[in-house]
Amino acid sequence: MKVISLFTVVFFFSVLGMAETEKKFAPSLVPTPKGCLQLTVVKPKGEHDLTKAISNAKREKKFLFIQYGRENCTNCQKVWNMLGKKEIKLPPNMLYADTSCDDEETRAEFDATFSIEDEGRLYPYIVIMGPDGSQLAFRSGLGTPDEYNTMIQKAISDYSLP
């Protein structure tokens, strides 16, 4: 019978802890307002770590569709459903970041990286980022699938202009 040393056990579990863990979507810090409609969500797979999403998009030379909002926001839930049901069509050269405004690290990164041009501050915020990290488009509040698809196509088209 082999005896495993305490050092071996500690080393094994510390290596396991070093494995990259997926960042979860931060739960809402704001309670759901009374009477606020909450939807069943068909949520697409997206990167919750904004820093990692930006880095991946730059490294892969892809555009990035960033949804920044809150889990109990009905408008955010509607956009998740539009994406999950593929009503909003993300092209193959575009990644998706699903980020929470209730995560302090994400909020700091978002505020430092993107320019918010809307005083209304309605969630979700949608930002289209170019492969070089530039902000190409911004929108706050709920839009229609056609409005988001037009926004995506215009951002890509404008980016490729000389």
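**Figure 1. The whole protein, read along its sequence, follows the pattern α-α-β-α-β-α-β-β-α.** The model shown here is predicted, and in it the protein has five helices and four strands. Of its 162 residues, 41% count as buried, while the surface that the protein exposes comes to about 9,800 Å², of which carbon and sulfur atoms supply 58%. Among the contacts that join residues at least 6 apart in sequence, 70% link residues that lie at least 24 apart.

**Figure 2. Leu83 is a residue of helix H3, which covers residues 74-84.** With a relative accessible area of 5%, Leu83 is buried. Leaving aside residues up to four places away in sequence, Leu83 touches Pro44, Phe65, Gln67, Ile88, Leu90 and Tyr96. The view also takes in Val42, which stands 41 residues from Leu83 along the chain, although the C-alpha atoms of Leu83 and Val42 are separated by 8.1 Å.

**Figure 3. The largest nonpolar core of the protein holds 20 residues.** Within this core, the residues that touch the most other members are Phe65, Ile88, Met94, Ile128, Tyr148 and Ile152. Two or more residues of the core come from each of strand E1 (63-69), H3, strand E2 (94-100), strand E3 (125-129) and helix H5 (145-160). A second core, separate from this one, has 16 residues, and it includes Ala97, Cys101, Met129 and Phe138.

**Figure 4. Met94 is shown with the residues that it touches, among them Phe65, Ile128 and Ile152.** When residues up to four places away in sequence are not counted, the contacts of Met94 also include Lys62, Phe63, Leu64 and Ile156. Met94 belongs to the largest nonpolar core, where Phe65, Ile128 and Ile152 likewise appear among the residues that touch the most other members.

**Figure 5. Cysteines are shown in a structure in which a search finds zero disulfides.** A disulfide is a covalent bond between the sulfur atoms of two cysteines. Cys76 takes part in no disulfide, and the cysteine sulfur nearest to its own, that of Cys73, is 3.1 Å away; a pair counts as a disulfide here when the two sulfur atoms are within 2.5 Å. Cys101 is likewise in no disulfide, the nearest cysteine sulfur being that of Cys76, at 7.0 Å. Cys76 counts as buried because its relative accessibility is 1%, and Cys101, at 2% relative accessibility, counts as buried as well.

Note on methods
Residues are numbered from 1 along each chain as its sequence is written. This is a predicted model: local features need pLDDT of at least 70, side-chain atom pairs count only at pLDDT 80 or more; totals for chains, interfaces and linings use all residues. Side-chain values use heavy atoms; hydrogens and water are left out. Buried means under 20% relative accessible area, exposed over 50%, partly exposed in between (1.4 Å probe, protein chains only). Contact means heavy atoms within 4.5 Å. Accessible areas come from the Shrake-Rupley method with a 1.4 Å probe; for residues, only the protein chains shown count as cover. A nonpolar core is a set of buried Ala, Val, Leu, Ile, Met, Phe, Trp, Tyr and Cys residues joined through side-chain atoms within 4.5 Å.
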